[in-house]
Amino acid sequence: MSTTMTATVSADERHDVLSNRLADLYVEREQLLAEIAPSGLGDEADRATNVDGHIRLAMLEQRIVAVENELAEPRPATRKKKSDAVAIGDVVTVDLGDGPETYLLGSVDEAGAGFDVITPSSPLGRVLEGATVGATLTYSPRPNRTLTAKLISIA
């Protein structure tokens, strides 16, 4: 019999992971800006590459804003569970059919906390948030496809 140990990601850990991610995004933006800086030379293909770079830059800017907004959200230093239900920031153990697996219910940028992530907006994340231990969850990852998962534990 195996024992699964889980933990809730602390506000400090979450802040550190997001801060590190934001720093990485700033570096990536600076590198991209250097790549797409106009050189005054080039043909149609060079300009097309530059357009692609501007699209990548816009997407990167959106990611930066999203992480900055997450960091700006007020979070208590210590989290107290109000109920036995899953909340964002919890580390959960679920059985998706192949045995227990542990995940963090949170943003993709928090994946650096050492856990694989289920986002709250994903099909599984939507049914997982608010669920209690022992619940069998049914979700649809795509049309005409229904899966189940069992919530084993919440930390």
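This passage describes the strand arrangement of a predicted model and then turns to a serine in one of its loops.

The strands of the model are assembled into an open sheet of five, in which the order is β3-β2-β1-β5-β4 and the pairing is mixed. At the edges of this sheet lie β3 and β4, the latter spanning residues 136-142, and each of these two strands pairs on one side only. When direction is ignored, neighbouring strands of the sheet are turned against each other by 50° on average. In general, the strands of a sheet pair through backbone hydrogen bonds, in either a parallel or an antiparallel manner.

Strand β1, formed by residues 91-95, runs antiparallel to strand β2, formed by residues 100-105, and the two are joined by five bridges. Within this pair, D95 has P100 of β2 as its bridge partner. The connection between β1 and β2 is a hairpin with four residues between the strands, and G97, which lies in the turn, adopts a positive phi of about 115°.

On the other side of the sheet order, β4 and strand β5, the latter comprising residues 145-154, are likewise antiparallel and are joined by five bridges. Here the bridge partner of L137 is A149 in β5. These strands also form a hairpin, with two residues between them, and the turn contains N144, whose phi is positive at about 65°.

A parallel arrangement is found between β2 and β3, which are connected by three bridges. One residue involved in bridging is L104, whose partner in β3 is V117.

Beyond the edge strand β3, which covers residues 116-118, the chain enters a loop that leads to α3, covering residues 123-128, and S122 is located in this loop. Because its relative accessibility is 19%, and the limit for a buried residue is under 20%, S122 is counted as buried. The side chain of S122 also comes to 2.8 Å from the backbone oxygen of T119, a distance that falls within the 3.5 Å used for a polar contact. S122 is thus described both by its position between β3 and α3 and by the approach of its side chain to the backbone of T119.

Conventions: Residues numbered from 1 in each chain as written. Predicted model: local features only at pLDDT ≥ 70, side-chain atom pairs only at ≥ 80, totals over all residues. Heavy atoms only, no water. Buried < 20%, exposed > 50% of the residue type's maximum accessible area, 1.4 Å probe, protein only. Polar contact = N/O pair within 3.5 Å; in protein donor to acceptor, adjacent residues only side chain to side chain. Pairing = 2+ DSSP bridges. Axes fitted to C-alpha atoms, helices over the stretch in contact; angles between N-to-C directions.
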